[in-house]
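Let's go through this one the way you'd quiz a colleague at the bench: what earns each label?

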Amino acid sequence: MKIATFNINNINKRLSNLLAWLKAAKPDVVSLQELKAADGDFPKDAIEKAGYGAVWRGEKTWNGVAILARGAEPVLTRNRLPGDPGDGQSRYIEAAVNGVLVTSLYAPNGNPQPGPKFAYKLAWMERLLGHAAELYAEDVPVVLAGDFNVVPTERDIYPSKSYAKNALVQPEPRALFRRLLDQGWVDAIRTLHPDRPMYTFWDYLRNRWPRDAGLRLDHLLLSKKAAKRLADAGVDRDVRGMIGASDHAPAWIILSDGAKPKRTAERQVKRRK
């Protein structure tokens, strides 16, 4: 089972890029972020024609998240991160696909910092920690996938001082990401590629893509049951070099076919309602 996360940075503007990658890479599940499209503007017909069912939560101009499933319909379990009923930003969605619970999350950028946007970033990540602990305790494989907008360590960013004041590299969000790992979540990409940069984002500015001046912002964190099935992981770097590309590249994992769990994600969904 191949599961990918991809910040598409405007799904309608880059629809041809997305469809070409889906055809070539054939992921079974895709978590998309930064749709930048209202619910009614999601390209449902084109996605279905490509062979994918989808659930999504859009937002005009900014944010927006979706989960695609090849040859299947994702079973929606949540379309917002719990903990703040007043938060109207479309940054989290969660669905079950073939016995695996998958998220698509788009954490706040947090810039400029310090300031209200950075405070929102930290508060959102605290909420994520609370919900992630509940998901980890579920007796199902879970993949916490998305754009976390955190560079976990210095090896996850090219040698540079230009990001020193950026919210992506500050100690506070790095500590919150570390607390996720301390819950037991396994960083799939870093586990299988401990020494390579594995960048997933290259800014459009300052010639950063040709210089390989990248950052690792997009992560797939695995619960214990999912981690036992981890067979491969990588980043489709070439996608970033396409004409009209997003400034992110897809990161992906492959989970081996394990024994059928005693409680599937779909059954767990019914229990939680």
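Q: What does it take for two parts to be in contact here?
A: Heavy atoms within 4.5 Å count as contact. The model is a predicted one, by the way.

Q: What do the buried residues of helix 4 pack against?
A: Four elements: helix 3 (116-137), strand 8 (142-147), strand 9 (186-187) and strand 10 (218-222). The buried residues doing this are Pro173, Arg174, Leu176, Phe177, Leu180 and Leu181.

Q: What puts those buried residues on the same side of helix 4?
A: Pro173, Arg174, Leu176, Phe177, Leu180 and Leu181 are the buried ones. They cover an arc of only 160 degrees around the axis, which is why they end up on the same side of helix 4. On the other side, Pro171 and Asp182 are exposed.

Q: How does the span of helix 4 (residues 171-182) compare with the expected one?
A: Helix 4 has 12 residues and reaches 16 Å from its first C-alpha to its last. At 1.5 Å a residue you'd expect 16 Å, so the span is close to what it should be. Right after the helix comes Gly184, with a positive phi near 125 degrees.

Q: Why is strand 8 called largely enclosed?
A: Buried means under 20% relative accessible area. Six of the six residues of strand 8 meet that, so the rest of the structure largely encloses it. Both faces are covered, with Val142, Leu144 and Gly146 buried on one side and Val143, Ala145 and Asp147 buried on the other.

Q: What about strand 10, and why is it described as largely enclosed?
A: Five of the five residues of strand 10 are buried, so the rest of the structure largely encloses it. Asp218, Leu220 and Leu222 are buried on one side, and His219 and Leu221 on the other.

Q: What makes strand 8 and strand 10 a pair?
A: Pairing takes at least two bridges. Strand 8 and strand 10 share five, in the antiparallel sense, so they qualify. Val143 has Leu222 as its bridge partner in strand 10, and Asp147 stands opposite Asp218.

Q: How many bridges join strand 9 to strand 10?
A: Two, with the strands running antiparallel. At least two are needed, so this counts as a pair. In strand 10, Val186 has Leu222 for its bridge partner.

Q: Which elements make up the β-α-β unit, and what is its handedness?
A: Strand 7, helix 3 and strand 8 make the unit, and it is right-handed. Strand 7 (residues 100-106) and strand 8 run parallel, joined by four bridges. Val102 finds its bridge partner, Val143, in strand 8.

Q: What makes strand 3 and strand 11 edge strands?
A: Each pairs on one side only: strand 3 (52-57) and strand 11 (230-235). They belong to an open sheet of six strands with mixed pairing, in the order 3-4-2-1-12-11. Inside this sheet, strand 2 (residues 29-33) and strand 4 (residues 65-70) pair in the antiparallel sense over five bridges, and Leu32 has Ala66 as its bridge partner in strand 4. Helix 1 (residues 15-25) lies across strand 1 (2-7), strand 2, strand 3 and strand 4.

Q: Why does Lys49 count as exposed?
A: The cut-off for exposed is over 50%. Lys49 has 79% relative accessibility, so it counts as exposed. You'll find Lys49 in helix 2 (residues 44-49).

Technical notes: Residues numbered from 1 in each chain as written. Predicted model: local features only at pLDDT ≥ 70, side-chain atom pairs only at ≥ 80, totals over all residues. Heavy atoms only, no water. Axes fitted to C-alpha atoms, helices over the stretch in contact; angles between N-to-C directions. Buried < 20%, exposed > 50% of the residue type's maximum accessible area, 1.4 Å probe, protein only. Arc of directions from axis to C-beta. Right-handed = clockwise from strand over helix to strand, strands pointing away.
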